[in-house]
Each structure stands twice: as structure tokens, then as C-alpha cells.
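Subject: A structure for you to look at

Hi there,

Here is the structure I promised to pass on to you. Have a look at it first, and then read on for what turned up.

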Amino acid sequence: MALEKEVQGGVEWRVTVPEGASAVVEPRPVNGWVDRVPAWLKAPAGFGRKAWLIGADDPRKVVHGLKVGAALSLVSLFYYTRPLYDGVGGWAMWAVMTVVVVFEFTVGGCLCKGFNRAMATVAAGLLAVGVHWIASRAGETAEPVILSASVFVLASAATFSRFLPAIKARFDYGITIFILTFSFVAISGYRVDRLLHLAQERAYTILIGVGICLLVCVLVCPVWAGQELHLLVSGNMEKLADSLEGLVEECFMEDGSEEGKQLPSAKSQGYKCVLNSKASEDSQANLAKWEPPHGRFRFRHPWSQYLKVAAAMRYCAYCMEALNGCVASEIKASEKMKSHLRGVCVKLSSDSSRVLKELSSSIRSMEESRIIPCLVTEMKNGAQELQAALRSLPEQLSAGGAEETAAGGGRGEKQTVTVSLMEAMPLITAASLLAEVSERVEGVVEAVGALAALARFEPSDRKKASSSVAPQDESVTPQREEV
């Protein structure tokens, strides 16, 4: 039964539950002007809020929009100013179209598209003029046949070349512009008397558009694809290290803790960024090869080696994906089994995470790290301790099974040990995967070492405490290695 009565500011509802108690449901307060906004205005308001968040998250995107507007304003002068308009023969609109299709977020993307468009336009224009000259000497009857055949052959060959990986990766856009320009000039030449003049004007306007794009993109707040790739790889390595620690903490968390009942944390799921960034890494590495030397990146910087480092990190992330499955398993091991492996597993994850974080710092600063060999030695020692703990686990299971048999009063020892083994399977699998991750981290160390050698990382001047990274055996002093 529900009763209502008027109260100040709304309606108060009193609900009687079966047990006889009553509860008062307070009215929802009005949330200021937000609740008074008409429904037809909420969608634009939501869109504006999303746009604001995107711009606040990365202000360079706002700057990019302003740069495109500035480039279009500059190139439009060739259309509005009479002397400039007459100078390009009335084809100024091609320069405007070039700015629209060529301008990209990064300098490498703009250089790639600009080079492809300019070279494809010049090559296709010259080839079309040559084909038209040959066709015009063949007579009026054979001229359209020769032009149509040339368009068919060159368009077919150029389209097929787009399926070649080497061509598609770097010149796919140029092939498209080549087909467009050759078809336009070759077909137009049949009705246009001054074909060479037409090709020249088209080439000039496109070169003007490309030049304005490059000037604005390079001189006004440039965004370098190489630097983006550099920061992406080092940032993903940091996330991989944090994710490894988070997964092991969740796997060996005590059963009675409140944190163990929560959903996986964002820290433990950071490895998914490594798995999902392959397309972005490949694209940025391809665009970085077009960029001139800038900042700390010299001429012919080894951008391809960054892809090998990223591949080694994904090799680790695959194991962490399986480790995440063990964390989410419905079969839970006993606290005694967890306590047997918790210390060595947490230590190994911490050692592996420290190696990855030091590698990330080395890449970000482009300096050789002097303590990585010591950290790798600590990680190997932790892996050996984990293997020793896994070898002693059957004894723990047998001892636990004997105690449960004695307490159960007549149950078979074999069956009890089997049940305990089934409970321990996810934990054993997680420990084995952790040992595999530590092995794969060594592959990341090798890939970063090759990158440091090719990119000529500078020696590090940082001084770090040696007590936390010194080997346990004082008689063995690791030699300094280049990373």
C-alpha cells in the first residue's frame, strides 16, 4: 500500500513493505538548468561536450583544424586575387582541392601525400602528352583507338600494382592520382588543342597547393609521426609493466579481501593497448620514413626497429592475455597454495616490471641504461626461485591431502589429493605463464638493445642505487652491456 502527500518542493511517497515497516522515497531534486533544457537541444549539447573533451584531451587536434583553415585561406588568394588567378590560368581551384586532400595531421603524412600527388601528377601529365602526340600522328581514325587503349593498359597495370605490398605501403595514393591525371589529360586532349598548356597549368596549381600544405604543416606547430611512434612504443612498454604487476596482484590476492571481489582494474588491463596498437605503429613507422631529421632523430633513423620492439612486447602481451584468463577463472585455489607461491610470483613480476620500466625510460630518453644487465640477472634469479617453488608444490599438495583425509574420517587420500590438484591448476598455470613472460621479456631487452645500437643512444649519466639491483652472489659482478 502506498500513500502520498504534498510536501514542499515535490511529492513524498511512503511505501509499506510486507514486514510492516515503511520507507520514504524522496523526490529526485532538480539538477539546475540541465533538467530544464528542451529535448531537442540535448543532442547538440551532448555533441558539444564530446567535442570539448576531445579537444581538451589533445589540443593538437584543435591546432590541426586551425592549420587546415589557414592553409585554405592562403591558397584561396590565388582565386580571389586577379593577378594570381590569371597567372595560373583559371585553374586555381585545383590548388584548393589539393590542400583539402593532402593536408594531414602529421608532417610525415603530409609529405607522403604531397610527394605522391606531385610526382604522380607530373609523371601522368608527361606520359599523357607523349601518348597524345603519338596518337595525333596516327590520323583521326586511329587517334581515339590509341588513346582508349593507352588508358586501358596503364589504368589496368597501375591498379594491379596497388596489390603489391611495397607499392601499397608507400605509393598507394600516388597510383590513384596517376590514374586520375592520366585519364583526365589523355581523354581531354582529344577535344583540347593546347594540351601541353593544360597539363602545365594543372601541374603548377597542384605544386602550389602541395607547397602551401608543407609550409603550414612544418612551420606551424608540427606533429612528427616519428616522435608519435617513439612515445607510443615507450608508453606501451610502461603499460605492459604495470599490467604485469596488476595481474599477479589480482591472481594472488587474499580470498577475504574486498579488492578481490571487484572487477579487473584498469592497471591490469593495460596489456590490451599493446595488442591493439599494431595498426597505429605500422602506419606511424611508414610515415616517419618520409620525414626529414628533426630533434633527436637523425637521418635514416631505424624506425623499422621500433616495430620489432613492439612485436616483442606483443609476444609478452599474448602470455598476459592467458594469465588474465587464469585470474578470471571460477576455480579458486586454497589460501595455503597461494601463500606457497605468492612471494616468489610477486617478486618475479616486480623484477620483470622493473626491467620493462627501465627499458621504457631508456627509449624515452634515448640513453643507454647501465643497470639493465643487473635487473635482468635479478629477473632470472626470480624465475629460478619460482621453478623451485613449483617443484616443491606436489609435496605441499600431498601434505594438504593427508591432513584433509585425517579430518574427513575415511575418505580416500587419492581422491582428496586429486581435488586439491584441480583447485591448484589455475594457480600453477598462472605461475608457469609468469615464468614464460619473464623469458619473453628477455626478447624485449634484445630488441631494445638493437634499437640502441642502431639509433646510437647516448651513455646514461644517471646514478642509481646499486643496492636494490646488485646480484645476490657478490662474487659474480655483471659486466656492463650495451642496450
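A residue counts as buried when its relative accessible area is under 20%, as exposed when that value is over 50%, and as partly exposed in between. Please keep in mind that this is a predicted model.

With that cut-off in hand, take Asp58: its relative accessible area is 13%, so Asp58 is buried. Arg60 has a relative accessibility of 32% and is therefore partly exposed. The side chains of Asp58 and Arg60 form a salt bridge, with 3.0 Å from N to O. Glu228 belongs to this picture as well, since a network of salt bridges links Asp58, Arg60 and Glu228. In general, side chains of opposite charge can pair when their charged atoms come close.

How many salt bridges does the structure hold? There are 12, and two more of them are worth finding on your screen.

One joins the side chains of Asp172 and Lys168, at 4.0 Å from N to O. Both sit in helix α8 (residues 165-188), and because they are 4 residues apart there, about one helical turn separates them. Asp172 is buried at 19% relative accessibility, while Lys168 is partly exposed at 47%.

The other joins Lys347 and Asp351, whose side chains meet at 3.1 Å from N to O. These two are 4 residues apart in helix α14, so about one helical turn lies between them. Asp351 is buried, with a relative accessible area of 5%, and Lys347 is partly exposed, with 24%.

Helix α14 also brings us to a helix pair. Two packed helices are described by the angle between their axes and the distance between the axes. Helix α14 (residues 335-365) packs with helix α15 (residues 372-391) at an angle of about 160°, and their axes are 9 Å apart. Angles over 145 degrees count as roughly antiparallel, so α14 is roughly antiparallel to α15. The crossing of α14 past α15 is left-handed.

Which residues make the contact? On the α14 side they include Leu341, Val344, Leu348 and Val355, and Lys347 and Asp351 from the salt bridge above are also among them. On the α15 side they include Ile372, Leu375, Met379 and Leu386. Sorted by class, the contact has 14 nonpolar, 3 polar and 6 charged residues.

Happy exploring, and write back with any questions!

Best wishes

Conventions. Residues numbered from 1 in each chain as written. Predicted model: local features only at pLDDT ≥ 70, side-chain atom pairs only at ≥ 80, totals over all residues. Heavy atoms only, no water. Axes fitted to C-alpha atoms, helices over the stretch in contact; angles between N-to-C directions. Parallel < 35°, antiparallel > 145°, perpendicular 65-115°, else oblique. Left-handed = near helix turned anticlockwise from the far one by under 90°. Contact = heavy atoms within 4.5 Å. Nonpolar A, V, L, I, M, F, W, Y, C, P; charged D, E, K, R; others polar. Buried < 20%, exposed > 50% of the residue type's maximum accessible area, 1.4 Å probe, protein only.
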